[in-house]
Amino acid sequence: MNENQSNLRTKPRRKVILYACLCAAFALLVYFVSRPKGPTYQGKTAEEWFEAAASDVYRFSVKPQNRAVEAFKQFGDSGAEFLYS
């Protein structure tokens, strides 16, 4: 086998490897961008719990607000960080 035939076989392999690496990098980017920011509890972020508690106060509702308080207790220090920010 001469050198030209060898190069013809390695070029498609390099393209496949490059394509696979690009796909993996894109998948990681999508994963990190789509992750919720901050702590979550029962599928809601700290921001969502805070907004729910604020709207419940506005409507004079007590029961859902208690769920938000429980969520922030479960968040612990990371929930406190959200409140301070």
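**Entry 1: a leucine in the first helix**

I began with Leu-29, which I found in helix H1, the run covering residues 3–34. I then asked whether this side chain is buried or exposed. Its relative accessibility is 52%, and because exposed means over 50%, Leu-29 counts as exposed. Looking around it, I noted that Leu-29 belongs to a nonpolar surface patch of about 400 Å², which is made together with Phe-26, Val-30 and Val-33.

**Entry 2: how far to trust the model**

I reminded myself that this is a predicted model, and I looked up its confidence before going on. The mean pLDDT of the protein is 76, and 74% of its residues reach 70 or more. Confidence is lowest in helix H2 (residues 46–58), where the mean is 76, and highest in strand S2 (residues 44–45), where it is 85.

**Entry 3: the cysteines**

How many disulfides does a search of the whole structure find? I recorded 0, and I wanted to know why Cys-21 has no such bond. The closest cysteine sulfur to that of Cys-21 is in Cys-23, at 9.4 Å, which is too far for a bond, because a disulfide needs the two sulfur atoms within 2.5 Å. Seen from the other side, Cys-23 is in no disulfide either, with the sulfur of Cys-21 as its nearest cysteine sulfur. I also checked accessibility: Cys-21 is partly exposed, with a relative accessible area of 49%, and Cys-23 is partly exposed as well, at 35%.

**Entry 4: the aromatic rings**

I next turned to the rings, and noted that the structure holds 3 aromatic pairs. One of them joins Tyr-41 and Phe-75, whose centres are 6.5 Å apart and whose planes meet at 85°, which makes the pair edge-to-face. What does this pair tie together? Tyr-41 lies in strand S1 (residues 40–41) and Phe-75 in helix H3 (residues 63–75), so the contact links parts that are 34 residues apart in sequence.

Phe-75 also pairs with Phe-72: their ring centres are 5.3 Å apart and their planes stand at 90°, so this pair is edge-to-face too. Phe-72 and Phe-75 are 3 residues apart in helix H3, which means that about one helical turn separates them. Phe-75 has 8% relative accessibility and counts as buried, and Phe-72, at 16%, also counts as buried, because buried means under 20%.

Finally, I wrote down which residues the ring pairs link into a cluster: Tyr-41, Trp-49, Phe-72 and Phe-75.

Technical notes. Residues numbered from 1 in each chain as written. Predicted model: local features only at pLDDT ≥ 70, side-chain atom pairs only at ≥ 80, totals over all residues. Heavy atoms only, no water. pLDDT = per-residue confidence, 0-100. Helix = DSSP H or I, 4+ residues; strand = E, 2+ residues; numbered from the N terminus. Patch = residues over 30% accessible without salt bridge, like charges linked within 9 Å, V, L, I, M, F, W, Y side chains within 5 Å. Areas by Shrake-Rupley, 256 points an atom, 1.4 Å probe, with all protein chains shown as cover. Salt bridge = Lys/Arg side-chain N within 4 Å of Asp/Glu carboxyl O. Buried < 20%, exposed > 50% of the residue type's maximum accessible area, 1.4 Å probe, protein only. Phe/Tyr/Trp six-rings, centres within 6.5 Å; stacked < 30°, edge-to-face > 60°.
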